[in-house]
Amino acid sequence: MSAIKGFFSAYFRFNLLYKILIGLILGAIAGIVFQNNADMAAFLKPFGDIFIRLLKMNMVPVIACTLIVGASTISPSHLSRVGGKVVIFYLITSLFAIVIGLLSGMILEPGTGLEFAGAEGKTIEAKSPSLSSIFLNIIPTNPMEAFAKGNVLSIIFFCLLFGIALAYGKDSKDELLSKSSLTVYEFIDGVSHIMFRIVSWIMQYAPFGVFALIFIVFSKHGAAGFGPLLSVTASVYIGLILQVVIVYFGICLLMGLSPVKFLNKVRNPMITAFVTRSSGATLPVSIEAAENMGVPKSIYGFGLPVGATINMDGTTIYLGVCAMFIANSIGFDLDLSQQLTIVITAVLASVGTAGVPGAGAIMLLMVLDSVGIEVDAGTPASVAYGMILGIDALLDMGRTSMNVVGDLSGVVAVSKSEKLLDTYRWE
């Protein structure tokens, strides 16, 4: 018994990143060794299905809680000209990010050739709603029905409205309304923390789920399965580089600032975010960098905490690339209206993508669901999604790093537009 306790104690202490990578590597090796072994694949398949079902179980409550908390974090009293500029800047850069992510996916075509749909004997029928119906269906006629059916865009719309109303309630001069709103906020924030605790428990099972899902891939494709993993990783990081060069460097040039100096000044928070994989944990380093760049506290004191909550440029790039990867791998052709749906969903979801490790993987489920790609246990999409989860930590490092750079870019740009930036720090 003591040996069993010792094993579990050592297992839970071991770094989750390494455990998932070990699961990925062992699953790939086992799949190559037992290639085309139907009995082994059938035995391991339920273990992968359990992991997918556990993640989907948390999708709607995590979306709802984090969106409401994220929206209600922005105090209406701060939504003045400066606060409005910060929020608008974040939304615009997120829009550029998801477009860059989709373009990277379309040009590099990660996942093409995997043909999971053919392997499962199923065909994938694309749903192609009109643009008008996309926008109309965002507004739910029955929010509870939207929650029950998992209508993602409707859930996002309702939760954002609820969060904004909650923010106004907290900031109200009516003492009863303010107190009641604060109570509701604290309850939902508490539920959010509880849901992420459940997610952390589920992630302890991730190495076994990833092992099973990756085994299925490599038992069919052999060593050729490494190609798609490299292609999706390259696509994400190329998208991140393009975001820096096109968007952030472009903003610096428009503001009359040196892009090279900007990159040097954000180096420390960028590296910290890459290692910790948490925007929240990097916040103290980001604040120090903002001070060194000459950003006044009145702007970074609002912009950086809000950015850590609602500005997720790296995550939206990841969502675009990975959506294209999964669609390509199962033979699902995304038309223009579905790509627009991904853009809308990813930008709005960035408000609720919590700044904690691995949150983007749950948001990916939401984006896929919005265009009719169902990641249910046993589906081809679940196998492709399992491949993404196997390398999610590597992707998470890059996207979190970019999230932090986007936050700093925002407070610098707003400070410069308000003529409050200490330009001597840039000489």
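This passage walks through a predicted model of a protein, from its overall make-up to a few individual residues.

The protein has 427 residues, of which 54% are buried. Its secondary structure is made up of 19 helices and zero strands. Among contacts between residues at least 6 apart in sequence, 85% join residues that are at least 24 apart.

Confidence is a useful guide to reading the model. The mean pLDDT over the protein is 80, and 87% of the residues reach a score of at least 70. Helix 11 (residues 259-265) has the highest confidence, at 91, whereas helix 5 (residues 116-120) has the lowest, with a mean of 48. Over residues 118-128 the pLDDT stays under 50, and for this stretch the model has 23 contacts beyond four places in sequence.

The UniProt record, an unreviewed entry, adds an annotation to this picture. It gives "transmembrane region" for residues 12-34, 54-74, 86-108, 152-169, 198-218, 230-257 and 340-365. Two of these spans can be followed in the model. Residues 198-218 are 100% helix and 0% strand, and the C-alpha atoms at the two ends of the span lie 30 Å apart. Residues 230-257 are 89% helix and 0% strand, with 35 Å between the end C-alpha atoms.

Helix 15 (residues 313-329) is a good place to look at one helix in detail. From its first C-alpha to its last, this helix of 17 residues reaches 25 Å, close to the 24 Å expected at 1.5 Å a residue. The helix is largely enclosed by the rest of the structure, because 16 of its 17 residues are buried. Gly-331 follows helix 15 and has a positive phi, near 70°.

Ala-327 is one of the residues found in helix 15. With a relative accessible area of 1%, Ala-327 is buried. Apart from its neighbours within four places in sequence, Ala-327 is in contact with Phe-332, Leu-334 and Ile-373. Ala-327 and Ala-384 are 57 residues apart in sequence, and their C-alpha atoms are 8.9 Å apart in space.

A second buried position is offered by helix 19 (residues 392-417), where Ser-401 has its place. The relative accessible area of Ser-401 is 5%, so this residue counts as buried. Leaving out residues up to four places away in sequence, Ser-401 touches Met-270, Ala-273 and Phe-274.

Aromatic side chains come next. The structure holds six aromatic pairs. One of them joins Phe-158 and Phe-162 in a tilted arrangement, with 6.2 Å from centre to centre and 40° between the planes. These two residues are four apart in helix 8 (residues 152-170), which means that about one helical turn separates Phe-158 from Phe-162. Phe-158 is partly exposed, at a relative accessible area of 27%, and Phe-162 is also partly exposed, at 33%. Elsewhere, Tyr-11, Tyr-205 and Phe-208 form one aromatic cluster.

Rings also meet charged side chains. The charged end of Lys-170 sits over the ring of Tyr-185, at 3.8 Å from the ring centre. Lys-265 lies over the face of Trp-426, and here the distance to the ring centre is 5.5 Å.

Note on methods
Residues are numbered from 1 along each chain as its sequence is written. Side-chain values use heavy atoms; hydrogens and water are left out. pLDDT is the predictor's confidence in each residue, from 0 to 100. Contact means heavy atoms within 4.5 Å. Rings of Phe, Tyr and Trp (its six-membered ring) pair if their centres lie within 6.5 Å; planes under 30 degrees apart count as stacked, over 60 as edge-to-face and the rest as tilted. Buried means under 20% relative accessible area, exposed over 50%, partly exposed in between (1.4 Å probe, protein chains only). A charge sits over a ring if NZ of Lys or CZ of Arg is within 6 Å of the ring centre and within 35 degrees of the ring normal. The expected span of a helix is 1.5 Å times one less than its number of residues. UniProt positions are given in the numbering used here, feature names are shortened, and annotations may be inferred rather than shown by experiment.
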